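Colleague: Before relying on the ligand site, I should like the terms behind it justified. Please begin with the elements that surround the ligand.

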Amino acid sequence: MGPGCLAAAGRLMLHIGSLINGEERRGDGRTSFEVRNPFNGELVGMVDLATRNDVEEAIQAAHRVFVETMKQLPAHRRSAILRKAADLLEERSEEFAALLTQEAGKPIRDSRGEVARAVQVLRFASEQAKADDGELLKMDSAIGGENRFGLVKRFPVGVVAAITPFNFPLNLVLHKVAPALAVGCTVVLKPAEKTPLSAMKLARLLEEAGLCKGALNVVMGTGQDVGEHLVTHPLVKMVTFTGSGAVGYKIKEMAGNKRVTLELGANSPNIVFADANLHAAVEGLVKGAFAFAGQTCISVQRIYVQREIYECFLEQFVTRVKALQVGDPSLETTDVGPMITEEAAIRAESWINEAVAQGAVVAAGGRREGTLLQPTVLTHTTPDMKVVCEEVFAPIVTIAPFDSEEEAVALANDSRYGLQAGVFTSDIHRAFRLYEQLEMGGVWINEVSTYRQDNYPYGGVKLSGVGREGVKAAMEEMTEPKFLGIRLA
Ligand code: NAD
């Protein structure tokens, strides 16, 4: 048994600390916290918190390695490291998927999907590291610009602080780490307290792929202690955050003149028109509402259905929801697993009860047992109910009828958030109209809001965030354009 592994009831349990300049810091009187499987409460890992000194050293190491190594490392080397990491991750997919299921309670099929996406993110970053950057300018488009030559090249910003949430503990870490390394930045990563194990395993894998020590440092701890230290440190040049709006906007305030990208929450609308393929819409929306127990930022939360097909849609939808397998996330057959904590499940249940007290009707689910909340369908909701206007982040969906296209757009846009929307229609003209009119970072036609591919610009408007991810877009956020002009003699 290697260091960092403890035997617990015949299983391997991880004991980890922080990774600073390639060295793991644990023990020596550091306070520990437990990582428990959200389904059965089993202890999965012990994590030693980073001290204030650890965080300082992590930032200093990232700064030193940026100046001395990463910013000079040629693109073909950065690309090769990321490609090798993708190959290693692919080989170890099953190990990583099992760990995600244990620490996050994610159903094993979804965990495998997350690992497969993470492999792709590494490959996109590897390819993009070698792609052209910058541009050549036509200087003679300006009067008097003759005999001048201009170009723009992009340069890495420096040390990036990456702060990540619990719901995609591997892929959302990679959406920050892979583009940062691709452009030659260094990183101090603070993973979510509830799911830090896969992040550490990934950092080790990147070292094995050839990443130099100190290019990726991982610091364990709470947002207040470790996160705020990172956000306010002068050597950190950019903060890339994914998580809740409350924390995100606080970070933006604290970050001063640092570059900040925020990937935050939403209450995503999905609109089904009478001319849509009903079967495809029902199948997609059920999956998009309840995957990972609705704990996805673009989860289907509000469904608006054209009145002439409303009853028929509702009947088919509820039948499919009642057939979902709820329970142990390690089983191949499980569709909906636990929520991340019992506290989160109790909060979601209280929102259902509050909506019902205000007149909503439970068409399916509504019951909770520990961390398991049954997939819940609510009808007869009103726009001011929390389950409609707030981010529910739970296996709860609301379904309401609409009469006209204008009404559907108004209902969908009636939100403080704007991340992604789904529209189901067979009318191409309507599809383009809705693309223009929906106030979102992204619109899918004949696909659910929950669908995301890792290579397109992804992010929100309104309270859903600032800036874009998706490998190429994140690489732009992590670089500064610098102009060079030459006057020809
Ligand atoms: P959270 O905001 O509670 O925590 C996210 C991270 O921020 C954690 O690592 C946490 O430790 C850290 N943090 C907390 N307080 C901090 C502080 N004061 N300073 C610095 N860091 C701090 O979010 P969560 O519960 O882990 O994740 C769920 C949220 O994430 C949902 O709102 C969801 O919509 C959002 N999310 C958004 C996207 C997206 O791409 N838009 C993707 C996934 C999740």
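Modeller: α7 (223-232), β12 (236-242) and α8 (245-254) each give at least two residues to the shell around the ligand; helices (H or I, at least four residues) and strands (E, at least two) are DSSP runs, numbered from the N terminus. This is a predicted model, in which local features need pLDDT of at least 70, side-chain atom pairs need 80 or more, and totals for chains, interfaces and linings use all residues. Residues are numbered from 1 along each chain as its sequence is written, and side-chain values use heavy atoms, without hydrogens and water.

Colleague: What makes the pair between Ser244 and the ligand a polar contact?

Modeller: A polar contact is a pair of N or O atoms within 3.5 Å. A polar side-chain atom of Ser244 lies 2.6 Å from a ligand oxygen, and one of Glu391 lies 2.5 Å from a ligand oxygen; both therefore meet the cut-off.

Colleague: Why is the ligand said to lie between domain 1 and domain 2?

Modeller: Domain 1 (12-264 + 467-482) and domain 2 (269-453) both contribute residues to its shell, so the ligand lies between them. The bounds come from an automatic or database domain assignment.

Definitions and conventions. A polar contact is a pair of N or O atoms within 3.5 Å; within protein, one must be able to donate a hydrogen and the other to accept it, and residues adjacent in sequence count only if both atoms are side-chain atoms.
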